Amino acid sequence: MATNEVKVLGSWPSPYAMRPRIALNLKSLTYEYIEEKLWEGKSELLLQSNPVYKKIPVLIHGDNKPICESLIIVQYIDEAWSSGPSILPSDPCERAVARFWAAYLDDKWFPAVKSIGVAKGEEAKKAAIAQVEEGLALMEEAYDKCSKGKGYFGGDEVGYLDIAFGSFLGWLRVTEKFNEMKLLDEGKTPGLVKWADRFRSHAAVKDVMPDTDKLAEFGKFVIAKIRAAGAAAEMH
């Protein structure tokens, strides 16, 4: 497949933009990656490709309409290139379970991770940390059930839930670094600790996983902007 047939609009710090890239790598597909510098403004291509949400990532596949929303893109890749290794489980029940946990991570767990960095006061911070730790305990149980003793949520190979969860590992590390704590802990979540190491070093993942120090610098920039906006709002 020619490079120009598949394009991904993304931004390097975004965990969501990692997801389609990992899926394409798993399928051994060649694609063009277009970096969006969102902090400088959104490109015309992005606004035309995703006029509803105006967000990355976006997958453009040939003359087809652009596909938006990271997990929808991953599902599309799995269906459009069905000859490669399967990303979603073949069993309908297992597929539903994977989608359930992926939605939980996006809707509940990762927002709690983000809230640790911008929490106002120690009590709010403690509450956010407790929610993250509770979520990790749930994911440890989910990993035990989904993996069936194998290396990934998807079994022998990286699958849908691995991609959904693993894309957040960079920001989880940054959160640990900022707060001088371990959230993924060998004593509490031994399965996830080993899984995270395997996932990060996987051939489809390692080149798209952002460097922790670089991500931390970007995190400082984002937190400063959020706090400045909050301070400005309180002055009105």
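Tutor: In this predicted model, strand 1 (residues 6-10) and strand 3 are paired in the antiparallel sense over 4 bridges.

Student: What makes strand 3 and strand 4 count as paired?

Tutor: Pairing requires at least two bridges between the strands, and strand 3 and strand 4 (residues 67-68) have 2 bridges in the antiparallel sense, so the requirement is met. One facing pair is L59 and I67 in strand 4, while on the side of strand 1 the bridge partner of L9 is V58. The hairpin of strand 3 and strand 4 has 5 residues between the strands, and G62 takes a positive phi near 55 degrees there.

Student: Which residues show that both faces of strand 3 are covered?

Tutor: On one side of strand 3 (residues 58-61) stand V58 and I60, on the other L59 and H61, and all of these are buried, a word that here stands for under 20% relative accessible area.

Student: Why is the largest nonpolar core said to lie between domain 1 and domain 2?

Tutor: Residues of this core come from both domain 1 (6-81) and domain 2 (92-215), and therefore the core lies between them. The core has 62 residues, of which W109, M139 and W195 touch the most other members, and helix 4 (residues 92-118) gives the most to it, with 10 residues. Another core, of 8 residues, lies apart from it and includes I34, L46, I56 and C68.

Student: Which residues does W109 touch, if those up to four places away in sequence are not counted?

Tutor: W109 is in contact with Y104, Q131, V132, G135, L136, F165, F168 and L172, where contact calls for heavy atoms within 4.5 Å.

Student: How much area do domain 1 and domain 2 bury between them?

Tutor: The size of an interface is often expressed as the accessible area that is lost when the parts come together. For domain 1 and domain 2 that area is about 1700 Å², with 70% of it on carbon and sulfur atoms. In domain 1, the residues that lose the most area to domain 2 are W12, M18 and R19, which together account for 33% of what that side buries. The C-alpha centres of the two domains lie 22 Å apart, and the contact takes 15 residues from domain 1 and 21 residues from domain 2.

Student: Why is the pair of D106 and R19 called a salt bridge?

Tutor: The closest N and O atoms of D106 and R19 are 2.8 Å apart, and the rule asks for a side-chain nitrogen of Lys or Arg within 4 Å of a carboxyl oxygen of Asp or Glu, so the pair qualifies. Across the interface of domain 1 and domain 2 the rule finds 1 salt bridge.

How values were computed:
Residues are numbered from 1 along each chain as its sequence is written. This is a predicted model: local features need pLDDT of at least 70, side-chain atom pairs count only at pLDDT 80 or more; totals for chains, interfaces and linings use all residues. Side-chain values use heavy atoms; hydrogens and water are left out. A nonpolar core is a set of buried Ala, Val, Leu, Ile, Met, Phe, Trp, Tyr and Cys residues joined through side-chain atoms within 4.5 Å. Buried means under 20% relative accessible area, exposed over 50%, partly exposed in between (1.4 Å probe, protein chains only). Domain bounds come from an automatic or database domain assignment. Buried area is the accessible area (1.4 Å probe) that two parts lose on being put together, summed over both.
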